Amino acid sequence: MSKVFGFKDSEFELLERVPHTKQEVRAIIVHRLGLKEDSILWDIGAGTGTVAVECANLMKKGIVYAIEREEVAYELLTRNIKKLGLSNVCPIYGEAPEVFENSKELKVPTHVFIGGTGRKTKDILEYFKFKHHSLEKIVLTAVTFETLTEVFSIINEKDYQELFEYELIQISTAKTRKLSNYSLLTANNPVFLFDITRKPKDLE
(Lines give C-alpha, C1' and ligand atoms only; values in the text may rest on other atoms or scores of the structure.)
Protein backbone atom coordinates (compact mmCIF):
# COMPACT_ATOMS: atom_id res chain seq x y z
CA MET A 1 0.00 0.00 0.00
CA SER A 2 1.44 3.38 -0.98
CA LYS A 3 2.20 5.95 1.69
CA VAL A 4 -0.25 8.83 2.08
CA PHE A 5 2.01 11.24 3.94
CA GLY A 6 5.14 11.30 6.05
CA PHE A 7 8.44 9.99 4.72
CA LYS A 8 11.10 9.38 7.35
CA ASP A 9 14.47 11.10 6.92
CA SER A 10 16.01 7.62 6.78
CA GLU A 11 14.08 6.87 3.58
CA PHE A 12 16.08 9.51 1.69
CA GLU A 13 19.64 9.34 0.49
CA LEU A 14 21.37 12.12 2.41
CA LEU A 15 24.77 13.79 2.25
CA GLU A 16 26.23 15.88 5.06
CA ARG A 17 27.18 18.68 2.67
CA VAL A 18 23.66 18.96 1.21
CA PRO A 19 21.07 20.50 3.58
CA HIS A 20 17.75 18.74 4.05
CA THR A 21 14.54 19.79 5.76
CA LYS A 22 13.86 17.47 8.68
CA GLN A 23 10.64 15.48 8.75
CA GLU A 24 9.01 17.34 11.65
CA VAL A 25 9.56 20.69 9.90
CA ARG A 26 8.37 19.26 6.56
CA ALA A 27 5.03 18.41 8.16
CA ILE A 28 4.48 22.05 9.10
CA ILE A 29 5.65 23.31 5.70
CA VAL A 30 3.23 21.03 3.86
CA HIS A 31 0.37 22.05 6.13
CA ARG A 32 1.10 25.74 5.63
CA LEU A 33 1.34 25.38 1.84
CA GLY A 34 -2.29 24.23 1.72
CA LEU A 35 -1.82 22.27 -1.49
CA LYS A 36 -4.61 20.87 -3.61
CA GLU A 37 -4.54 17.65 -5.64
CA ASP A 38 -3.84 19.57 -8.85
CA SER A 39 -1.55 22.31 -7.50
CA ILE A 40 1.61 23.39 -9.30
CA LEU A 41 4.45 23.89 -6.83
CA TRP A 42 7.87 25.43 -7.37
CA ASP A 43 10.33 24.15 -4.75
CA ILE A 44 13.19 26.67 -4.93
CA GLY A 45 16.47 25.49 -3.46
CA ALA A 46 15.16 21.93 -3.37
CA GLY A 47 18.39 20.46 -1.97
CA THR A 48 17.93 16.79 -1.12
CA GLY A 49 14.36 16.86 -2.39
CA THR A 50 12.64 16.01 0.88
CA VAL A 51 9.96 18.72 0.61
CA ALA A 52 9.43 18.11 -3.11
CA VAL A 53 8.82 14.40 -2.52
CA GLU A 54 6.41 14.96 0.39
CA CYS A 55 4.37 17.43 -1.64
CA ALA A 56 4.35 15.44 -4.88
CA ASN A 57 3.10 12.38 -3.01
CA LEU A 58 0.01 14.37 -1.95
CA MET A 59 -0.58 16.10 -5.31
CA LYS A 60 -1.59 13.12 -7.44
CA LYS A 61 -2.86 15.36 -10.26
CA GLY A 62 -0.35 18.16 -9.73
CA ILE A 63 3.34 18.63 -10.32
CA VAL A 64 6.36 19.81 -8.35
CA TYR A 65 9.24 21.62 -10.06
CA ALA A 66 12.27 21.04 -7.85
CA ILE A 67 14.77 23.82 -8.65
CA GLU A 68 18.36 23.42 -7.52
CA ARG A 69 21.56 25.26 -8.50
CA GLU A 70 24.23 23.09 -6.83
CA GLU A 71 25.34 20.16 -8.99
CA VAL A 72 25.91 17.72 -6.12
CA ALA A 73 22.53 18.56 -4.60
CA TYR A 74 20.80 18.31 -7.98
CA GLU A 75 22.21 14.82 -8.57
CA LEU A 76 21.13 13.76 -5.07
CA LEU A 77 17.69 15.23 -5.68
CA THR A 78 17.22 13.23 -8.88
CA ARG A 79 18.31 10.02 -7.13
CA ASN A 80 15.78 10.53 -4.33
CA ILE A 81 12.97 11.19 -6.79
CA LYS A 82 13.80 7.94 -8.57
CA LYS A 83 14.31 5.99 -5.34
CA LEU A 84 10.91 6.96 -3.95
CA GLY A 85 9.09 6.51 -7.26
CA LEU A 86 7.58 9.98 -7.76
CA SER A 87 6.65 10.58 -11.40
CA ASN A 88 5.26 14.08 -10.83
CA VAL A 89 8.48 15.73 -9.64
CA CYS A 90 10.40 17.53 -12.36
CA PRO A 91 13.98 18.46 -11.36
CA ILE A 92 15.21 21.76 -12.81
CA TYR A 93 18.93 22.58 -12.75
CA GLY A 94 19.59 26.29 -12.51
CA GLU A 95 19.83 29.35 -10.29
CA ALA A 96 16.82 31.36 -9.19
CA PRO A 97 15.47 33.74 -10.26
CA GLU A 98 17.21 33.60 -13.68
CA VAL A 99 16.03 30.02 -14.28
CA PHE A 100 12.40 31.12 -13.98
CA GLU A 101 12.57 32.85 -17.36
CA ASN A 102 15.16 30.58 -18.97
CA SER A 103 13.48 27.21 -18.38
CA LYS A 104 10.89 26.09 -20.92
CA GLU A 105 9.62 23.34 -18.60
CA LEU A 106 8.26 25.49 -15.79
CA LYS A 107 4.49 25.96 -15.67
CA VAL A 108 2.90 28.89 -13.84
CA PRO A 109 2.87 28.07 -10.10
CA THR A 110 -0.07 28.11 -7.74
CA HIS A 111 2.26 27.59 -4.76
CA VAL A 112 5.93 28.28 -4.04
CA PHE A 113 8.23 26.90 -1.36
CA ILE A 114 11.55 28.67 -0.86
CA GLY A 115 13.99 26.57 1.11
CA GLY A 116 17.20 28.10 -0.21
CA THR A 117 17.90 31.33 -2.04
CA GLY A 118 21.66 31.39 -2.66
CA ARG A 119 21.72 35.00 -1.40
CA LYS A 120 19.04 35.94 -3.94
CA THR A 121 16.21 36.31 -1.42
CA LYS A 122 15.28 39.84 -2.48
CA ASP A 123 15.37 39.05 -6.21
CA ILE A 124 13.24 35.92 -5.78
CA LEU A 125 10.59 37.61 -3.65
CA GLU A 126 10.52 40.65 -5.92
CA TYR A 127 9.96 38.34 -8.92
CA PHE A 128 6.72 37.02 -7.46
CA LYS A 129 5.52 40.52 -6.72
CA PHE A 130 5.37 41.29 -10.41
CA LYS A 131 4.77 37.84 -11.93
CA HIS A 132 2.19 35.04 -11.71
CA HIS A 133 -0.81 36.68 -10.14
CA SER A 134 -2.49 33.26 -9.93
CA LEU A 135 0.07 32.38 -7.23
CA GLU A 136 -1.82 31.74 -4.00
CA LYS A 137 0.88 31.04 -1.45
CA ILE A 138 4.61 31.41 -0.75
CA VAL A 139 6.15 29.53 2.16
CA LEU A 140 9.74 30.48 2.94
CA THR A 141 12.05 29.06 5.60
CA ALA A 142 15.06 30.81 7.11
CA VAL A 143 17.64 29.56 9.60
CA THR A 144 19.85 32.66 9.91
CA PHE A 145 19.09 36.09 11.33
CA GLU A 146 20.53 37.65 8.16
CA THR A 147 17.93 35.94 5.97
CA LEU A 148 15.20 36.69 8.50
CA THR A 149 16.09 40.40 8.45
CA GLU A 150 16.23 40.49 4.64
CA VAL A 151 12.81 38.87 4.26
CA PHE A 152 11.27 41.31 6.73
CA SER A 153 12.73 44.25 4.84
CA ILE A 154 11.02 43.09 1.65
CA ILE A 155 7.62 41.89 2.82
CA ASN A 156 7.11 44.96 4.99
CA GLU A 157 7.43 47.28 2.00
CA LYS A 158 4.17 49.08 1.25
CA ASP A 159 3.74 47.72 -2.28
CA TYR A 160 4.38 44.16 -1.08
CA GLN A 161 1.85 44.52 1.72
CA GLU A 162 -0.74 45.70 -0.78
CA LEU A 163 -0.51 42.30 -2.50
CA PHE A 164 0.37 39.88 0.30
CA GLU A 165 -0.26 39.26 3.97
CA TYR A 166 2.04 37.12 6.08
CA GLU A 167 2.47 35.23 9.31
CA LEU A 168 5.81 34.26 10.88
CA ILE A 169 6.16 30.97 12.74
CA GLN A 170 9.23 29.86 14.70
CA ILE A 171 9.70 26.09 14.80
CA SER A 172 11.80 24.38 17.47
CA THR A 173 12.14 20.62 17.70
CA ALA A 174 14.16 18.22 19.80
CA LYS A 175 14.74 14.48 19.71
CA THR A 176 15.75 11.95 22.32
CA ARG A 177 19.22 10.47 22.44
CA LYS A 178 20.65 7.84 24.75
CA LEU A 179 23.42 8.57 27.25
CA SER A 180 24.26 5.40 29.13
CA ASN A 181 20.99 4.40 30.81
CA TYR A 182 19.41 7.83 30.42
CA SER A 183 17.39 9.51 27.68
CA LEU A 184 18.12 13.15 26.88
CA LEU A 185 16.65 15.64 24.44
CA THR A 186 18.90 17.16 21.78
CA ALA A 187 17.59 20.35 20.19
CA ASN A 188 17.66 20.97 16.45
CA ASN A 189 18.38 24.43 15.08
CA PRO A 190 15.25 26.61 15.17
CA VAL A 191 13.61 27.38 11.83
CA PHE A 192 11.72 30.55 10.95
CA LEU A 193 8.82 29.97 8.56
CA PHE A 194 7.10 32.76 6.63
CA ASP A 195 3.57 31.96 5.45
CA ILE A 196 2.95 34.56 2.73
CA THR A 197 -0.53 34.59 1.19
CA ARG A 198 -1.72 36.66 -1.74
CA LYS A 199 -4.76 38.73 -0.82
CA PRO A 200 -7.91 37.34 -2.52
CA LYS A 201 -8.64 40.53 -4.44
CA ASP A 202 -5.30 40.20 -6.25
CA LEU A 203 -5.75 36.60 -7.38
CA GLU A 204 -6.57 36.17 -11.06
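**Entry 1: the loop before α4**

I began with P97, which I found in the loop between β3 and α4 (98-102); helices (H or I, at least four residues) and strands (E, at least two) are taken here as DSSP runs, numbered from the N terminus. The peptide bond that leads from A96 to P97 is cis, with omega near 0 degrees. I note at the outset that this is a predicted model, in which local features need pLDDT of at least 70 and side-chain atom pairs count only at pLDDT 80 or more, while totals for chains, interfaces and linings use all residues. Residues are numbered from 1 along each chain as its sequence is written, and side-chain values use heavy atoms, with hydrogens and water left out.

I then looked at E98, which belongs to helix α4 and counts as partly exposed at 40% relative accessibility; I use buried for under 20% relative accessible area, exposed for over 50%, and partly exposed for what lies in between, with a 1.4 Å probe and protein chains only. From E98 to E157 the C-alpha distance is 23 Å, with the two positions 59 residues apart in sequence.

Which residues does K120 touch, not counting those up to four places away in sequence? I found E95, A96, P97 and E98, where contact means heavy atoms within 4.5 Å. K120 itself sits in the loop between β4 and α5 (121-130), and with a relative accessible area of 18% it is buried.

**Entry 2: the chain as a whole**

I counted seven helices and nine strands in the protein chain. Its radius of gyration is 17 Å, close to the 17 Å that the globule rule gives for 204 residues, so the chain is as compact as a globular protein of that length; the radius is taken over C-alpha atoms, and the rule is 2.2 Å times the number of residues to the power 0.38. Along the principal axes, the C-alpha atoms fill a box of roughly 55 × 35 × 30 Å.

Of the 204 residues, 46% are buried. Taking contacts between residues at least 6 apart in sequence, I noted that 70% of them join residues at least 24 apart. The chain exposes about 11,100 Å², of which carbon and sulfur atoms supply 53%; the areas come from the Shrake-Rupley method with a 1.4 Å probe.

**Entry 3: the nonpolar cores**

I looked next for nonpolar cores, meaning sets of buried Ala, Val, Leu, Ile, Met, Phe, Trp, Tyr and Cys residues joined through side-chain atoms within 4.5 Å. The largest has 31 residues, and those with the most contacts inside it are W42, I44, F100, L125, F128 and I138. Apart from it lies another core, of 27 residues, with A52, I171, V191 and L193 among them.

Is W42 buried or exposed? I found this residue of strand β1 to be buried, with a relative accessible area of 1%. Leaving out residues up to four places away in sequence, W42 touches a long list that includes Y65, I67, F100, P109, F113, F128 and H132. The C-alpha atoms of W42 and F113 are separated by 6.2 Å, although the two residues stand 71 apart along the chain. With the same exclusion of sequence neighbours, I44 touches, among others, I67, A96, F100, F113, I124 and F128.

**Entry 4: helix α2 and L86**

I turned to helix α2 (residues 50-58), where eight of the nine residues are buried, so the helix is largely enclosed by the rest of the structure. The buried ones are T50, V51, A52, V53, E54, C55, A56 and N57, and they pack against α1 (23-33), β1 (40-44), β2 (63-68), β3 (89-93) and β4 (111-114).

L86, in the loop between α3 (71-83) and β3, is buried as well, with a relative accessible area of 11%. Leaving aside its neighbours within four places in sequence, L86 is in contact with V53, A56, N57 and I81. I also noted that the C-alpha atoms of L86 and K60, 26 residues apart along the chain, are separated by 9.7 Å.

**Entry 5: S180**

I closed with S180, found in the loop between β7 (174-179) and β8 (182-187), whose phi is near 60 degrees, a positive value in a residue other than glycine. With a relative accessible area of 65%, S180 is exposed.
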